[in-house]
Amino acid sequence: MAAQVAGVFEPELQGKIAKSKLLVVGAGGIGCEILKNLVLSGFQDIEIIDLDTIDVSNLNRQFLFHKEHVGKSKANVARESALSFNPNVKIKAYHDSITTSNYGVNFFQQFKLVLNALDNRAARNHVNRLCLTADVPLIESGTAGYNGQVELIKRGLTQCYECTPKAAQKTFPGCTIRNTPSEPIHCIVWAKHLFNQLFGESNEDEDVSPDTADPEAGAKAGESALAAEANEKGNVDRINTRTWAQQSGYDAEKIFNKLFYDDINYLLSMSNLWKNRTPPNPAKWDALEEEGEAAPTDTVLRDQKVLSLTESAKVFAESISALKGEFEKLADGDHLVWDKDDKHAMDFVAACANIRSQIFNIPRKSRFEIKSMAGNIIPAIATTNAITAGVVVMHAFRVLQGELDKCKSVYMRLRPNARNQLFVPDRALNPPNPKCYVCAAKPEVTLKVDTKNVTVKELRDDILIKALNMINPDVILDGKGTIVISSEEGETDCNNDKKLDQLQIVDGCILKVDDFVQNYELTVTVIHKDPGRDESSFDIVADMDTLKPKEDEEKKTDDAQPSTSGQNGNSKASAPSTAADDDDDMCIIEEESDKPSTSAAVAGPSSSGSEKRKIAESEGPSSKKARVSNTDDDDDDDDDLIVIN
């Protein structure tokens, strides 16, 4: 190897390179480039982990992969390809998720340095916490289009990945999605919700149909709801979308007519909606016209063509049939996870979005455009990945030489800034936030929550796991020793449906939370809140004074740069993104998840969530985050995307 020839590196650095064991987390666009650079630089002991498999769309920028590798493990193939550069290197590959309990503190402590090349916030948060606990330096990286960032995270020296909050994510009101869409993205969000209603992790708050069982509903639906008999709780029994679809045998024609004819006619009966809007035009299955030209079979042409209503209906039927087959193979209680690289899932969303767009007089989009919007992605640029990976390895050299003070965050830009810089370094290392709820000496947050209505299961799933990114938390009521949630399977299942106040979790009480997998402890002070009608049931406040987005201030500086890792949380926490952000050759822009929290910390559940970070030319480097990630979700360890909140 040329890197091992005398004179290429200083003898001291050359020796440290040969003796240091490194972990690369993620084997996508950046991960492939990092692994190649490490092998060519003379590193002899490397481990790499990635959960994902190779997709055709990866091949134009992840150069360790080729056509014959499609469908195979990214980590394993990356290892094989890297060994072709230097077969004497010891490389161990894991086709697995870094968030499993197999990779705890002891696993991380064996490495001299960890290099992150991930694509989602949940996994980034997890690695951040384990590196802090293991006291192992972590080099974070990410790209979005032509922009990129590299930064060092070291316990006690720099900000951690979760030290600062993220900007609020763009949200769409539920009524707009269900009733009055006006943009293609509204129809795409609706279609993704529909996928979850029929096949995925169902969320009643994301129901795609108007609630005709609501007594306040319009026209005849409201009258029939008032006339319906109430159940023993005084409510009208409702049949959700999935139950109805299952009862109808997932018949494409019946589902089509309900969604695009019956539901649309119901919306038309709400005349007030259309006083200042163009009313929709219902579509009925048996009224679709036959068209002579068939949809292209070539993948590229097919993705670029804007399908007609009839063509979309055919794709709709075919995808439902395929998804039904996949869904029925699952165990009871299990569900499908939407993935933009899954042909049938993507076909379903594209077809539904275009049918709904046609109905509401909204321009239809090609499958390629819908895929980009549905995943909220910015195509990754191979050169940006390569440059970013190069900076990562340069930082690694400095860490090995003990020159941590020289590992300032570096931001890559498409155009020079006011100082004619394309690569903009921070002026100094950003120190830790003393009130960060992850890396502070005594991590703590305030949880504002509706203790009378939120259940213990929601506390665990929506707040601790989804919002605070824990893996398997234990919760004890401080002062009383009551075990509220146990990580031991089945031990506290009897508490799941109990409201918090039934277990004396009320205003002013303190919860001690411990996640053994992450070796992470957190003190949670509970404050009762009575949420308004459109308010989330909880808010997580880390620190109102110091944990506020500093974008306005940063925009004033000449060398302000976007931060890829400085946005791990968001103003409001959200549910996992159902693997919609697992493609590593794009930067996910999560638009449909959360509402900003006035407390500048994290807040209640929402629809999507996923895990990446922001890179916007107009914004300055954000320190980090102190909030929640979504995540979701499914935590594919791809790398070259960053969530744009």
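Begin by selecting helices H10 and H12, which are oblique to each other in this predicted model. H10 covers residues 252-269 and H12 covers residues 309-328; their axes come within 10 Å and cross at roughly 125°. Because oblique is the class for angles that are neither under 35 degrees, nor over 145, nor from 65 to 115, the crossing angle of roughly 125° places this pair there. The handedness of the crossing of H10 and H12 is right-handed. To display the interface itself, show the side chains of Ala252, Ile255, Phe256 and Phe260 on H10, together with Ala313, Phe316, Ala317 and Ile320 on H12. What classes of residue make up the contact of H10 with H12? Eight are nonpolar, while no polar and no charged residues take part.

Next, select helices H13 (residues 343-359) and H14 (residues 367-374). Their axes are 10 Å apart, and the packing angle is about 100°. H13 and H14 are therefore roughly perpendicular to each other. On the H13 side, select Lys343, Met346, Asp347, Val349, Ala350, Ala353 and Asn354; on the H14 side, the partners are Arg367, Ile370, Lys371 and Ala374. The contact of H13 with H14 contains six nonpolar residues, one polar residue and four charged residues.

Now move to helix H3, residues 74-83. Is this helix largely enclosed or largely open? Seven of its ten residues are buried, so H3 is largely enclosed by the rest of the structure. The buried residues of H3 are Lys74, Ala75, Val77, Ala78, Ser81, Ala82 and Leu83. Add helix H2 (29-41), strand E2 (45-49) and strand E3 (90-94) to the view, since these are the elements against which the buried residues of H3 pack.

From there, centre the view on Asn116, in strand E4 (residues 113-116). Asn116 is buried, with a relative accessible area of 0%. Which residues surround Asn116 once its neighbours within four places in sequence are left aside? Its contacts are Val25, Arg124, Val127, Leu138, Ile139, Glu140 and Ser141.

For another strand position, select Glu444 in strand E10, which spans residues 444-449. Glu444 is partly exposed, with a relative accessible area of 47%. Not counting residues up to four places away in sequence, Glu444 touches Tyr437, Leu522, Thr523 and Ala542. Of these, Leu522 merits a distance label: its C-alpha atom is separated from that of Glu444 by 5.4 Å, although the two residues are 78 residues apart along the chain.

Two cysteines form the next stop. Cys187 is buried, with a relative accessible area of 0%. Cys509 is buried too, with a relative accessible area of 12%. How many disulfides does the structure hold? The count is zero. A disulfide is a covalent bond between the sulfur atoms of two cysteines.

Finally, zoom out to the whole protein and colour the view by secondary structure. The protein has 17 helices and 17 strands. Of its 645 residues, 58% are buried. Among contacts between residues at least 6 apart in sequence, 75% join residues at least 24 apart. The pair Glu444 and Leu522, 78 residues apart along the chain, may be selected again in this wider view.

Methods:
Residues numbered from 1 in each chain as written. Predicted model: local features only at pLDDT ≥ 70, side-chain atom pairs only at ≥ 80, totals over all residues. Heavy atoms only, no water. Disulfide = S-S within 2.5 Å. Buried < 20%, exposed > 50% of the residue type's maximum accessible area, 1.4 Å probe, protein only. Helix = DSSP H or I, 4+ residues; strand = E, 2+ residues; numbered from the N terminus. Contact = heavy atoms within 4.5 Å. Axes fitted to C-alpha atoms, helices over the stretch in contact; angles between N-to-C directions. Left-handed = near helix turned anticlockwise from the far one by under 90°. Nonpolar A, V, L, I, M, F, W, Y, C, P; charged D, E, K, R; others polar.
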